[in-house]
Amino acid sequence: LALSMAELFLAVVACEHEEALFGKELSCAVGLGGAYLRTSVPSAIADSLRSWRVPNAFSVCSVAVLAGDKSLGSISIPIMRLRKTCRGKTLDEWFAVAGSPGTSSAVRLRLLLHF
């Protein structure tokens, strides 16, 4: 199931968390295929306008939530899911973040995804 030149646009809108950050800035590390970007929370406009090339239908977009250099957890979004639910439109959704070892607080990430 190859997707020829499919593109994904992603914006980090907000993050809800219970953990004390002690002055550390929240950011996200986004990866898809061989591409990687570290973006602020919320994303800068230039980061939100970035076109992510989707290698194939079985690709997964990974987003790690970071407080400074400490990981609060991550989410994985299968492209197949986006293909079924939001092809040609924008999805505005809160995602539960799977916590990293050593973190006990709940983290939710609000993303805008356009596929």
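## The five-stranded sheet

Five strands make up an open, antiparallel sheet here, running in the order 3-2-5-6-8. Strand 3 (35–40) and strand 8 (98–99) sit at the edges, and each has a single partner strand, so one side of each goes without a neighbour in the sheet. This is a predicted model, so take everything below in that spirit.

Start at the strand 3 edge. Strand 2 (residues 26–32) and strand 3 run antiparallel and are joined by 6 bridges. One bridge to look for pairs Leu32 with Ala35 in strand 3. The hairpin of these two strands has 2 residues between them, and Gly33 takes a positive phi near 60° there.

Now the other edge. Strand 6 (residues 70–78) and strand 8 also run antiparallel, with 2 bridges joining them. Gly73 is bridged to Gly99 in strand 8.

## The four-stranded sheet

There's another open sheet of 4 strands, again with antiparallel pairing, in the order 4-1-9-7. Its edges are strand 4 and strand 7 (90–96): each has a single partner strand, so one side of each is left unpaired in the sheet.

Strand 1 and strand 9 (residues 107–114) pair over 8 bridges in the antiparallel sense. Among the residues to pick out, Phe9 has His114 of strand 9 as its bridge partner.

A good residue to click on in this sheet is Ala14, which belongs to strand 1 (residues 7–17). With a relative accessible area of 22%, Ala14 is partly exposed; the buried class stops under 20%. Leaving out residues up to four places away in sequence, Ala14 touches Val41, Trp94, Arg108, Leu109 and Arg110. For a sense of scale, the C-alpha atoms of Ala14 and Ala67 are separated by 14 Å, with their positions 53 residues apart along the chain.

## Two loop residues

Is Ser59 buried or exposed? Ser59 sits in the loop between strand 4 (52–53) and strand 5 (60–67). Its relative accessibility is 9%, so Ser59 counts as buried. The side chain of Ser59 has a polar atom 3.0 Å from the backbone oxygen of Asn56. Beyond its neighbours within four places in sequence, Ser59 is in contact with Leu32, Val54, Ile77, Pro78 and Ile79. Leu32 should look familiar: that's the residue whose bridge partner in strand 3 is Ala35.

Phe22 is a loop residue too, placed between strand 1 and strand 2. At 76% relative accessibility, Phe22 counts as exposed, whereas Ser59 at 9% is buried. The C-alpha atoms of Phe22 and Ala44 lie 23 Å apart, and the two residues are 22 places apart along the chain.

## The cavity

How many cavities of 30 Å³ or more does a search of the whole structure find? The search turns up 1, and the largest cavity has a volume of about 30 Å³.

Which residues line the largest cavity? The lining is made of Leu10, Val30, Leu37, Thr39, Ser43, Asp47 and Trp52. Sorted by class, that's 4 nonpolar, 2 polar and 1 charged.

Notes. Residues are numbered from 1 along each chain as its sequence is written. This is a predicted model: local features need pLDDT of at least 70, side-chain atom pairs count only at pLDDT 80 or more; totals for chains, interfaces and linings use all residues. Side-chain values use heavy atoms; hydrogens and water are left out. Buried means under 20% relative accessible area, exposed over 50%, partly exposed in between (1.4 Å probe, protein chains only). A polar contact is a pair of N or O atoms within 3.5 Å; within protein, one must be able to donate a hydrogen and the other to accept it, and residues adjacent in sequence count only if both atoms are side-chain atoms. Contact means heavy atoms within 4.5 Å. Two strands pair if DSSP finds at least two bridges between them. On a 1 Å grid over the protein atoms alone, a cavity is a set of points where a 1.4 Å probe fits but cannot get out, and a pocket is an open set with protein on both sides within 12 Å along at least five of seven lines; lining residues have an atom within 4 Å of a point. Grid points are joined across faces, edges and corners, and a volume is the space filled by probe spheres set on the points. Ala, Val, Leu, Ile, Met, Phe, Trp, Tyr, Cys and Pro count as nonpolar, Asp, Glu, Lys and Arg as charged, and the others, Gly among them, as polar.
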